[in-house]
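Let's go through a few labels and ask what stands behind each one.

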Amino acid sequence: MFCFINIILQILSGDYEHFILLIRIIYQMFTLVTDRSKYFRVKRGQSAEELESELKTPVGGAVFAGRIIEVAPGNFQRYAAQVGDTYGTIALKFGADEEELKKTNGFKPVYPTCKLFVPCKNPRGI
């Protein structure tokens, strides 16, 4: 109720930038409610590794209770990096784009036993 009163006050005062911001926030709130399969709320005690294995999608940023994670669309495969692996060699092995691979994994460094998500389309050599 308060939000709608605030919107009316913003319209009457002529502060249209703030009005548009409020409309976007309300739209996102309703999108969360109607499109539940696309979002996941982190529960207390869940770690990033647990979420990644449960959702089968990369989880970027800090993980804390109450955070809403957008489940990335696509087919991802977990891959444990080997000695000598780089984003380039992994992308070549799975037929993925190197930049997309970096972006999917949050540009984290690649080292042996590092677990990466590979958006694979044409797996080669596996």
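Buried means under 20% relative accessible area, exposed means over 50%, and partly exposed is in between (1.4 Å probe, protein chains only). This is a predicted model, where local features need pLDDT of at least 70, side-chain atom pairs count only at pLDDT 80 or more, and totals for chains, interfaces and linings use all residues. Residues are numbered from 1 along each chain as its sequence is written, and side-chain values use heavy atoms, leaving out hydrogens and water.

Q: Why is Arg 78 called partly exposed?
A: Its relative accessibility is 36%. Partly exposed covers what lies between under 20% and over 50%, so Arg 78 gets that label.

Q: What makes the buried residues of helix 3 line one face?
A: Helix 3 (a DSSP run of H or I, at least four residues; strands are E, at least two; both numbered from the N terminus) spans residues 48-55, with Leu 51, Glu 52 and Leu 55 buried. Down the axis, these buried residues fall within an arc of 100 degrees (taken from the directions from the axis to the C-beta atoms), so they line one face of the helix.

Q: Which strands do those buried residues pack against?
A: Strand 1 (39-41), strand 2 (68-70), strand 3 (76-80) and strand 4 (115-119). Contact here means heavy atoms within 4.5 Å.

Q: How do you know that strand 3 and strand 4 pair?
A: Pairing takes at least two DSSP bridges, and five join these antiparallel strands, so they pair. Gln 77, for one, stands opposite Val 118 in strand 4.
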